[in-house]
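Student: Please take a close look at one part of this model, the ligand and its surroundings, and begin with the sheet that you want to bring into the picture. I would like the cut-offs stated as the terms come up.

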Amino acid sequence: MKVQGKKYRTIWFENNIVKIIDQTKLPHQFVVKDLKTIVDVIDAIKTMEVRGAPLIGAAAAYGLVLSIIENEDYFFLKKSSENLIASRPTAINLKWAVDRMMNKLSGVNSVEILKIALEEAKTIVEEDVEFCKKIGMNGLRIIEDIANKKKDTVNILTHCNAGWLATIDWGTATSPIYQAHKKGIKVHVWVDETRPRNQGANLTSYELNEEGIPNTIIADNTGGILMQKGQVDMCIVGTDRTLSNGYVCNKIGTYLKALAAKDNNVPFYVALPSSTIDWSIKDPKDIPIEEREPTELSHIEGLDKDNKFQKVLIYPQKSKVLNLAFDITPAKLITGLITEKGICKASEKGLKELFK
Ligand code: MRU
C-alpha cells in the first residue's frame with residue numbers, strides 16, 4: 001500500500017538485512033529500520049516496532065534466516081526459534097511461521113540451509129500478500145451488499161490495526177475496505193483509538209489517510225452509542241488467534257465491541273488468513289494472553305509543541321495497573337469469518353468446510 005504516494009510493504013529482505021517500517025514512530029515519523037541479527041528481530045517484535053499477527057510471523061521467518069547467517073549451528077537455530085516464539089505469546093502466526101520454517105529446514109545440509117530458509121521466508125511473505133488480497137475480494141461482497149441496499153456511504157467500525165501495517169500488504173480487516181474503495185463504493189471508517197498503544201489512531205487512521213479513505217478516530221467507548229444511533233453498518237476486526245470452534249482472540253476491547261454489535265444487530269465480522277487458525281486448542285482459556293508493561297497504560301507518548309517525542313505520566317504515581325493485551329470473543333457474537341477461501345460461520349463446521 002502507499003505512504004506519501006509511494007508503494008511499500010511492511011517488511012523486506014535486502015543484502016542480508018531485514019528492513020521494517022518502525023511502527024513505534026508512526027504516525028509522526030516514517031522510519032525504515034535495519035534488523036541485522038536474530039536479537040534485533042526479537043527486540044523489534046517485543047517492542048512492537050513490528051506488530052500485528054501476520055507481520056510478526058513474517059518477521060520471525062526472516063529472523064531465522066538472520067540466525068542462520070550468524071551461526072549455522074543447529075542448536076543456535078533451535079534456541080533462536082524458541083526465543084522467537086516466546087517474544088509475543090498470543091498471536092499464533094508467530095509460532096506457525098517458526099514451526100513451518102523449522103519443519104522445512106529439518107535435515108537440510110549446511111550447504112543449502114540458507115538458500116532454503118530464505119526461499120521459505122519469502123514464500124510465507126508472498127502467501128500472506130495473496131491471502132490478504134483474497135480476504136479483500138471475499139469481504140468486498142458484504143460491503144457491496146450493504147451499499148446496494150443502503151444507497152449511501154457504508155460506515156464500518158474497526159478496532160486496533162488489522163491493516164496493511166499489521167500484515168505485509170492489504171491487511172485483513174482493511175482489505176475489504178480497500179477493495180470497496182477501489183471499486184468506487186463510498187466507505188467511511190470509525191477507527192477505535194485502541195488504548196493503551198493506540199494502534200487504531202496511530203496506525204489504522206494513518207494508513208487509511210494515506211489511501212484516501214475517509215475515517216474518524218473515536219475513543220474506544222464511543223462505538224456503542226454510534227451503533228445505537230444507527231451510524232455503524234458493520235464491524236470488521238482482525239484476530240491474533242482463531243480457535244477451530246470459531247472463538248476469536250484479538251486486541252483488548254474487541255469483545256466489548258462484539259457485545260455492543262450483537263445488542264444493536266450490527267453485523268460483526270472477523271477477517272483472517274488461515275495462518276491465524278489454531279487447530280490445536282479447543283478451550284479459549286488455554287490461549288496465553290499477553291500481559292504487557294504497566295507503563296503502556298500509565299504513560300502516553302506524542303509530539304510536544306517543539307515537535308519532539310515526549311513520554312509523560314498520566315496516572316497517579318501510586319496506582320496499580322493491569323495491562324492485558326488481548327481478549328476473547330465467543331463465536332456466538334461473530335456474524336462470520338472472512339478468510340482467503342471464503343466467508344464461513346464462526347464454528348468448527350464452518351471452518352472445516354473451508355479448510356479441511
Ligand atoms: O498488539 P498488536 O498491535 O500486535 O495487536 C494486533 C491486533 O490485535 C490485530 O487485530 C491482529 O494482530 C490482527 S492483524 C491482521
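Tutor: Two strands are said to pair if DSSP finds at least two bridges between them, and the strands themselves are DSSP runs of E with at least two residues, while helices are runs of H or I with at least four residues, both numbered from the N terminus. The model is a predicted one, in which local features need pLDDT of at least 70 and side-chain atom pairs count only at pLDDT 80 or more, whereas totals for chains, interfaces and linings use all residues. Residues are numbered from 1 along each chain as its sequence is written, and side-chain values use heavy atoms, with hydrogens and water left out.

With these terms, an open sheet of 4 strands runs in the order β13-β10-β11-β16, with mixed pairing. Its edges are β13 (277-278) and β16 (326-329), each of which pairs on one side only. In general, strands of a sheet pair through backbone hydrogen bonds, either parallel or antiparallel. Here β10 (residues 241-243) pairs with β11 in the antiparallel sense over 2 bridges, and Thr242 has Val248 of β11 as its bridge partner.

Turning to the ligand, 18 residues surround it, where a residue counts if one of its heavy atoms lies within 4 Å. The closest are Arg88, Gln199, Asp240, Asn250 and Lys251. By class, this shell holds 7 nonpolar, 7 polar and 4 charged residues; Ala, Val, Leu, Ile, Met, Phe, Trp, Tyr, Cys and Pro count as nonpolar, Asp, Glu, Lys and Arg as charged, and the others, including Gly, as polar.

Three separations between N or O atoms describe how oxygen of the ligand meets the protein, a polar contact with the ligand being a pair of N or O atoms within 3.5 Å. A polar backbone atom of Ala53 is 2.9 Å from an oxygen atom of the ligand, a polar side-chain atom of Gln199 lies 2.8 Å from a ligand oxygen, and for an N or O atom in the side chain of Lys251 the distance to a ligand oxygen is 2.7 Å. The protein covers 99% of the 410 Å² of accessible area that the ligand has on its own, as computed by the Shrake-Rupley method with a 1.4 Å probe.

The elements that give two or more residues to the ligand shell are α2 (53-70) and β11 (248-251), and β11 is the strand that stands between β10 and β16 in the sheet order.

Key:
A polar contact is a pair of N or O atoms within 3.5 Å; within protein, one must be able to donate a hydrogen and the other to accept it, and residues adjacent in sequence count only if both atoms are side-chain atoms.
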